Every structure is written in structure tokens, then in C-alpha cells.
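Here are a few exercises to work through with the viewer open. Try each task before you read the solution under it.

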Amino acid sequence: MSSPDLIVVGSGLGGLCCGALAARHGLEVLVLEAHDRPGGAAHGFERRGFQFESGPSLWSGLGRWPSTNPLAQVLRAVGETVPVVTYREWGLLLPEGQLRLGVGAEPFLALLRGLRGSAAAEEWAAFMRWLEPYCRATAALPLLALRPGLGMAGALGARGSAALLRHAPRLAALGGAFGPMARKHLRDPFLLHWVEMLSFLISGLPMDQTSAAAMATLFGEWFEPDAALDYPVGGSAAVAEALVRGLQRHGGELRCRAGVAEILVEGGRAVGVRLESGEQLWARQGVVSNASPWDTLDLLPPEALPRRWRQQKADSPACASFLHWHVGLRGDGLETLPIHHVWVGDWQRGIGAERNMAVFSMPSLLDPALAPPGHQVLHAYTPANEPWALWRDLEPGTPAYEALKAERCGLFQQVFAQVVPDLAERLVLELRGTPKTHRRYLRVHQGSYGPALGADQSPFPAGTTPIEGLQLCGAGTFPGIGVPPVAVSGAMAAHSFVPVARHKALLDELDLRVLS
């Protein structure tokens with residue numbers, strides 16, 4: 001495909017959603033990926049029979065239809081599904097102790113009664129009753145209907161727009177940060193810490209900067225009567241592979257090991273790309289960048305952008321990075337553990353303090369094919385709390401780098417030994433990752449999670465640019481960080497190249513409409 005309609009730079013979930021949807025709408029699409037496999041932060045890799053994943057651990061809404069999850073909606077649109085295993089329990093390693101928690105409203109209330117007493121449980125129940133209409137409002141919206149410049153109205157038509165107006169007051173109230181909502185209704189310190197933790201898990205920001213709409217969506221899913229979490233069989237890589245199948249099913253193409261050196265701009269319009277190999281590829285309609293805002297700037301000629309716009313992107317604050325721990329271990333006797341554990345060291349340090357929070361996932365408990373017989377695979381990471389400054393001047397492979405990596409990643413074994421006391425004797429494979437690892441494989445500025453743009457200031461920027469035919473998608477654009485938001489951003493980028501009538505026809509086909 002030498003001259004497609006659309007070139008997508010990067011095959012993260014946002015780029016793959018964009019490419020697959022655009023192909024579904026009849027465009028000739030070429031997705032370019034610098035790595036040797038697709039998925040971006042959601043890619044997987046194998047070592048000695050252990051199947052590891054590099055990114056998302058918590059999934060929901062993939063195993064049912066209809067679903068409010070925009071990623072599930074994209075998969076449905078391109079004719080693909082991902083088999084999932086559902087589960088309803090996760091583990092907590094908190095200052096209050098080692099806990100097991102069922103997903104849903106009642107299990108959390110039961111935990112609260114035992115941990116904080118009936119008053120705290122009633123306080124939370126009252127908060128959820130107050131929040132429920134806002135959760136319903138967010139669930140009523142088909143996010144796949146969002147369209148650059150037109151919101152939802154253009155794709156929904158008159159009837160859908162009228163229905164949308166009924167939810168407008170509550171949606172407007174969700175336009176800022178979640179912190180003020182929580183503080184208005186919650187007084188118990190543990191409940192405020194709990195909301196802070198969930199906020200940081202989904203956004204990499206404290207609750208005073210996390211989107212109220214994102215949190216209402218989360219609570220709407222987790223606190224339904226039949227609430228459950230999904231694990232995609234095959235891990236995150238299976239989701240990326242399903243999107244690639246959807247892309248190819250509709251005539252699109254993915255090229256890996258095809259790093260982009262420059263987005264070509266002529267006459268104020270994006271017309272193609274130059275690869276690191278020197279090859280030039282031309283696009284008839286335009287280019288979509290799934291690279292971060294900072295990395296996209298590096299791909300564009302300085303003179304092609306207004307100075308103010310360029311400076312705004314360059315000055316965007318970055319979330320901190322990650323430490324990763326990928327482990328293969330003997331698995332006898334571990335079968336009754338929850339698949340996930342979330343650890344918080346000290347509430348008083350602040351939820352975003354470095355190495356104060358970690359997530360541990362053992363997905364082979366649900367999907368045994370991820371590990372050799374008799375073994376388990378474990379992935380742990382510190383979610384957006386590892387400072388880039390610690391690593392900036394260190395060269396991978398040097399004694400100083402390796403020593404710091406061993407020291408910083410030693411936290412994981414120390415913490416998880418609370419769950420598996422003989423952990424050290426079980427280890428058969430251990431891989432450690434740093435912000436430099438994150439940057440190397442994902443090509444992300446400072447190994448960052450994405451822009452640290454608080455909802456208390458303004459929403460994430462739109463994916464539009466001053467260059468005609470150039471759109472952005474991914475964690476640096478509206479709606480923001482996380483799997484559902486990047487799926488929305490990819491869909492919006494695709495629909496910017498598609499007539500409204502074709503967009504509306506897809507929504508009708510999927511029966512996506514504003515719910516009453």
C-alpha cells in the first residue's frame with residue numbers, strides 16, 4: 001500500500017482503533033509501528049515460555065454486548081471479539097491490612113462495616129445514592145458518537161440530540177474534577193483515601209485533578225448488581241491482535257519495524273511520512289499521530305506549526321513514569337490468590353508519592369496458557385509514580401544504572417512477600433524495567449504515562465491540529481489517559497476523515513443511541 005488514504009503513526013490502542021474504524025468506513029489505511037509488534041503499552045512478549053504483558057491489567061465491559069466500553073464498541077464495529085474470563089475479587093495491601101474485596105457495591109459495604117464501622121458504610125452508601133444519577137448519565141452516552149468539532153450532535157441526529165439534552169445538566173456537573181464532589185459528601189478518612197487511590201489508578205493523578213466523568217463511569221460499572229471484571233484470554237496483546245484483525249479484515253495494513261522520522265507537510269497540509277529507513281509514503285487524505293504530543297512535535301518541521309501551539313504542546317507537564325517487574329515463578333499452592341493486588345504504603349505520603357503504590361497481577365491464574373505447566377506469571381508496576389529525573393542521566397547497562405534498577409525494583413519482592421512468603425524460592429525468571437525501558441520500547445517522552453493535565457484546570461486538548469489533514473489520538477488527547485479514553489480518541493480521529501452520514505449509519509447499525 002504505497003499511497004493509502006490514511007497513514008496512522010503508532011499502533012497503540014488509540015492508533016489501532018483509529019485505523020480499524022477508518023478501514024471499516026472504506027478508507028485505505030496503513031498503520032506504521034516502530035516496534036516489532038503492535039499494541040504500544042498493551043503489547044505482549046514471551047520469555048522462556050512465560051507470556052508477559054507490558055500494560056493494562058484491569059479490564060471491564062469487553063465480555064458483554066451491549067457495552068458502554070468504547071473499546072468493545074470499536075471491536076464490535078470491525079467484526080471482532082476477544083474471549084474473556086470474568087472474575088469478581090481482588091486483593092488489597094493497605095496500611096489498614098491485607099484484604100480481599102469483591103467487585104460491586106455490597107462487598108465494599110461489607111468491608112467498610114468490618115474496617116470502619118456502620119457509620120462509614122452508610123456514608124459511602126449515601127454518596128453512591130447521590131452519585132447514581134450521574135453514573136447513569138455517563139452510561140447513557142454512546143462515546144463512539146463523539147466527533148471532532150461537533151460533539152455528539154452531528155452523528156446522533158435530531159432525535160439523539162434531543163435525548164442528549166435531557167442529560168445535559170448532570171453532564172455539565174461532571175465537566176470538572178472529581179475531588180470536590182467526593183469531599184462534599186465524604187468525611188471518613190479511609191473513604192477519601194479510597195477514592196484517591198482509584199483516581200490515581202485510572203488517571204495517574206489525584207482525585208482533585210481526575211475527571212469527574214471518568215470516575216462516574218468507573219463507579220457506574222463497578223457498583224452495578226452484576227459487576228465483574230474481565231480478563232482477555234491471551235492478555236493485553238490479544239486485544240491489540242483483535243484490532244489488527246479488524247484492520248486487516250477491512251483491507252487495512254500494519255507495518256512493524258517501520259519507525260517514522262518525519263510527518264511530511266506541504267502547503268500547510270499533512271501529505272505523508274518519511275520513515276527512519278528513508279522511505280517516503282504518501283497519504284491521500286491525511287495522517288493520524290498516535291505518538292505522544294511531545295514526540296509528535298519531534299516529527300513535524302518547526303515552520304509548519306504556529307509557535308504558540310507548538311509551545312503549548314512542548315510545555316505540557318508529564319505524568320511520572322513506571323517501574324516494572326516481570327516474573328515467572330513456581331505456582332504450586334497459589335491457585336486461590338486473587339488475580340490482582342493493589343498495594344499502598346502510606347496514605348499520609350500522598351497517593352502519587354514515589355514507590356508508594358504498586359499493582360500486582362497474576363493473570364495465569366485465569367489463563368493458564370500464559371505460563372508453563374506448574375508455574376505462574378506475575379507482572380507488577382508502580383503506576384505513574386517513578387520520577388524520570390532519577391534516570392535521565394544514567395545509561396542502560398552501566399553499573400550505576402543496574403544498581404539503581406535493582407534497588408528501586410527491590411520494592412516489588414519486598415511487598416509481594418506479604419502475599420507469598422516463600423516468593424524468593426519460587427522465582428525462576430525475573431525481568432526489571434525502568435523509565436528508560438518504558439521510553440525505549442514505547443518511544444514515549446520521559447517514559448511518561450501521558451500529560452499531567454488536571455480536570456480542575458481544563459479538559460484534555462482535542463486531537464485537531466493547525467495542520468490540515470493531521471489529527472492526534474492517544475493518551476495525550478481528549479478524553480485522556482486510560483484504555484476507554486484512548487479508544488474514544490482513536491474513533492474521533494478516524495471519524496474526522498469520514499462523512500457524518502457514514503458515521504451515523506455505523507451508530508445505527510450498532511444500535512448505539514442516547515439512553516433515557
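**Exercise 1. Cysteine 17 and cysteine 319**

Work out whether cysteine 17 is buried or exposed, and how many disulfides there are in this predicted model.

*Solution.*
- Start with accessibility. Cysteine 17 has a relative accessible area of 0%; the cut-off for buried is under 20%, so cysteine 17 is buried.
- Next, look for a partner sulfur. The nearest cysteine sulfur to that of cysteine 17 belongs to cysteine 473 and is 8.5 Å away. A disulfide needs the two sulfurs within 2.5 Å, so cysteine 17 is in no disulfide.
- Now do the same for cysteine 319. The nearest cysteine sulfur is that of cysteine 473, at 18 Å, and cysteine 319 is in no disulfide. Cysteine 319 is also buried, with a relative accessible area of 6%.
- The final count is zero disulfides.

**Exercise 2. The sheet E10-E11-E12**

Find out in which order the three strands form their sheet, and which strands stand at the edges.

*Solution.*
- Take the first pair. E10 (residues 260-266) and E11 run antiparallel and are joined by six bridges. Within that pairing, leucine 264 has glycine 272 of E11 as its bridge partner.
- Take the second pair. E11 and E12 (residues 280-282) also run antiparallel, with three bridges between them. Glycine 272 has tryptophan 282 as its bridge partner in E12, and arginine 274 stands opposite glutamine 280 in E12.
- Put the pairs together: the order is E10-E11-E12, in an open sheet with antiparallel pairing. E10 and E12 stand at the edges with a single partner strand each, so each of them has one side without a neighbour in the sheet. From one strand to the next, the twist averages 30°.
- Check the turns. Two residues lie between E10 and E11 in their hairpin, where glycine 267 in the turn has a positive phi of about 60°. The hairpin of E11 and E12 has four residues between the strands, and glycine 278 in the turn has a positive phi of about 100°.
- Finish with burial. E11 (residues 269-275) is mostly covered, with five of its seven residues buried.

**Exercise 3. Another hairpin**

Work out how many bridges join E6 to E7, and how many residues the hairpin between them goes through.

*Solution.*
- Count the bridges: six of them join E6 (residues 89-94) to E7 (residues 97-102), and these strands run antiparallel.
- Pick out a facing pair: leucine 93 stands opposite glutamine 98 in E7.
- Then read off the connection: the hairpin joins E6 to E7 through two residues.

**Exercise 4. How H7 meets H8**

Decide whether H7 and H8 are roughly parallel or roughly perpendicular, and which residues make the contact.

*Solution.*
- Get the geometry first. The axes of H7 (residues 189-203) and H8 (residues 212-222) come within 11 Å and cross at roughly 105°.
- Classify the angle. Anything from 65 to 115 degrees counts as roughly perpendicular, and H7 and H8 are therefore roughly perpendicular to each other.
- List the contact residues. H7 contributes Val195, Leu198, Ser199 and Ile202, while H8 contributes Ala214, Met215, Leu218, Phe219 and Trp222.
- Sort them by class: the contact has eight nonpolar residues, one polar and no charged ones.

**Exercise 5. Three residues and their surroundings**

For glutamine 471, glycine 454 and alanine 291, work out which are buried and which are partly exposed.

*Solution.*
- Glutamine 471 sits in strand E19 (residues 470-472) and is buried, at 12% relative accessible area. Leaving aside neighbours within four places in sequence, its contacts include Val287, Val288, Ala493 and Phe497.
- Glycine 454 is in the loop between H14 (435-442) and E19. Its relative accessibility is 6%, so glycine 454 counts as buried. Beyond its neighbours within four places in sequence, glycine 454 is in contact with Leu205 and Gln209. From glycine 454 to alanine 177, the C-alpha to C-alpha distance is 7.5 Å, although they are 277 residues apart in sequence.
- Alanine 291 lies in the loop between E13 (286-289) and H10 (293-299). With a relative accessible area of 24%, alanine 291 is partly exposed. Not counting residues up to four places away in sequence, alanine 291 touches Val9, Thr296 and Cys473. Alanine 291 and alanine 475 are 184 residues apart in sequence, with 8.9 Å between their C-alpha atoms.

Note on methods: Residues are numbered from 1 along each chain as its sequence is written. This is a predicted model: local features need pLDDT of at least 70, side-chain atom pairs count only at pLDDT 80 or more; totals for chains, interfaces and linings use all residues. Side-chain values use heavy atoms; hydrogens and water are left out. Axes are lines fitted to C-alpha atoms, for helices over the stretch in contact, and angles run from 0 to 180 degrees between N-to-C directions. Angles under 35 degrees count as roughly parallel, over 145 as roughly antiparallel, 65 to 115 as roughly perpendicular and the rest as oblique. Contact means heavy atoms within 4.5 Å. Ala, Val, Leu, Ile, Met, Phe, Trp, Tyr, Cys and Pro count as nonpolar, Asp, Glu, Lys and Arg as charged, and the others, Gly among them, as polar. Buried means under 20% relative accessible area, exposed over 50%, partly exposed in between (1.4 Å probe, protein chains only). Two strands pair if DSSP finds at least two bridges between them.
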